[in-house]
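Me: I'd like to learn how to read a fold, its strands and its empty spaces from a set of coordinates. Can you walk me through one?

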Amino acid sequence: MSESLPLFPLGTTLFPGQLLPLHVFEQRYHDLLADLVSGSSSSTPGVTGRRGPRFGVVAIRSGHEVGARDLPQLHPVGCVAELVEVQPHPDGTSDLVALGRERFRLLGLDGSAGTSYLTGLVQWLEEPLTPTPPGLSAQVTDLFGRYRAALGGAGEGPVLPRDPTVLSWAVAGSMALHPGERQHLLEVPDAAQRLQHLRRLLRRELVLAATMPSLPATEIGRRPPDPR
């Protein structure tokens, strides 16, 4: 069964638990924001216990913009963003902060929505509670600490969560990765497979860090995603 969800296509991938700051200046996204704040947008009616207005963030495959006929340019899996804070400005633009929540699969566009922004037909993706191999979480935690140090993280790093699912999203959201790799991590079905993939990525990045003469300045996440 599919449900309707307002969409905000972006050039990046949002992970569950990750904070997303956005600067809104296009009229269609002003319309989206106004609908969310007023409650006229139907945002994730099937998700229980929701706290704030929600919209869907889905990464663009190529280019910087999509229109009503450009669905093939969007990746098939996205992440719900819960609106946390909105700051309007005198010039008509707005800044907002959203928090990544559930994942969804984009099935198509809702042509009956009649909105200036895209509205998608989505199916919610569950996070299976699969067993995590012994020691895997500890290995990823250790590798991430070394990765953060290699990229110049100063002082104490963030205290990473013990829960394998939350840990996997915390590490994924704090790494400097190619957009395609970020999208792949979002589409990995469960925490065990995601942690195994992160272990491979962290080992690769540590090898690169040891062989490259310099690394680009990178802001490493200083706190894990909100597990709520």
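Reply: We'll go from the overall fold to one strand, then to a cavity and one residue beside it. Keep in mind that this is a predicted model.

Me: Fine. How many helices and strands does the protein have, and in what pattern do they follow along the sequence?

Reply: There are five helices and six strands. Going along the sequence, you read β-β-α-β-β-β-β-α-α-α-α. Of the 228 residues, 45% are buried. As for contacts with a separation of 6 or more, 70% of them involve residues 24 or more positions apart.

Me: And the surface? How much area does the protein expose?

Reply: About 11600 Å², with carbon and sulfur atoms supplying 55% of that.

Me: Now a strand. Which way do the side chains of S1 point?

Reply: The general idea is that side chains in a regular strand alternate between the two faces of the sheet. In strand S1, residues 3-10, one set is Glu3, Leu5, Leu7 and Pro9, while Ser4, Pro6, Phe8 and Leu10 point the other way. Both sets are buried, so the count for S1 is eight of eight.

Me: Which strands does S1 pair with, and in what sense?

Reply: With S6 (residues 119-125) the pairing is antiparallel, over four bridges. Serine 4, for instance, sits opposite leucine 121 of S6. With S3 (residues 54-59) the pairing is parallel, again over four bridges; there, leucine 10 has alanine 59 as its bridge partner.

Me: On to empty space. How many cavities of 30 Å³ or more turn up, and what lines the largest cavity?

Reply: The trick is to roll a probe the size of a water molecule over the atoms, which shows where empty space is left. Here, searching the whole structure gives one cavity of 30 Å³ or more. The largest cavity holds about 40 Å³ of space. Its lining consists of Phe8, Val24, Tyr29, Leu32, Leu33, Leu36, Phe55 and Leu96. By class, that's eight nonpolar residues, no polar ones and no charged ones.

Me: Which element gives the most to that lining?

Reply: Helix H1, residues 27-38, with four residues. Leucine 33 lies in that helix and is among the lining residues.

Me: Why does leucine 33 count as buried?

Reply: Buried means under 20% relative accessible area. Leucine 33 counts as buried because its relative accessibility is 7%.

Me: And what is it in contact with, beyond its neighbours within four places in sequence?

Reply: Leucine 33 touches Leu83, Val86, Ser94 and Leu96. Take valine 86: it is 53 residues from leucine 33 along the chain, yet their C-alpha atoms are separated by 8.8 Å.

Definitions and conventions:
Residues are numbered from 1 along each chain as its sequence is written. This is a predicted model: local features need pLDDT of at least 70, side-chain atom pairs count only at pLDDT 80 or more; totals for chains, interfaces and linings use all residues. Side-chain values use heavy atoms; hydrogens and water are left out. On a 1 Å grid over the protein atoms alone, a cavity is a set of points where a 1.4 Å probe fits but cannot get out, and a pocket is an open set with protein on both sides within 12 Å along at least five of seven lines; lining residues have an atom within 4 Å of a point. Grid points are joined across faces, edges and corners, and a volume is the space filled by probe spheres set on the points. Helices (H or I, at least four residues) and strands (E, at least two) are DSSP runs, numbered from the N terminus. Ala, Val, Leu, Ile, Met, Phe, Trp, Tyr, Cys and Pro count as nonpolar, Asp, Glu, Lys and Arg as charged, and the others, Gly among them, as polar. Buried means under 20% relative accessible area, exposed over 50%, partly exposed in between (1.4 Å probe, protein chains only). Contact means heavy atoms within 4.5 Å. Two strands pair if DSSP finds at least two bridges between them. Accessible areas come from the Shrake-Rupley method with a 1.4 Å probe; for residues, only the protein chains shown count as cover.
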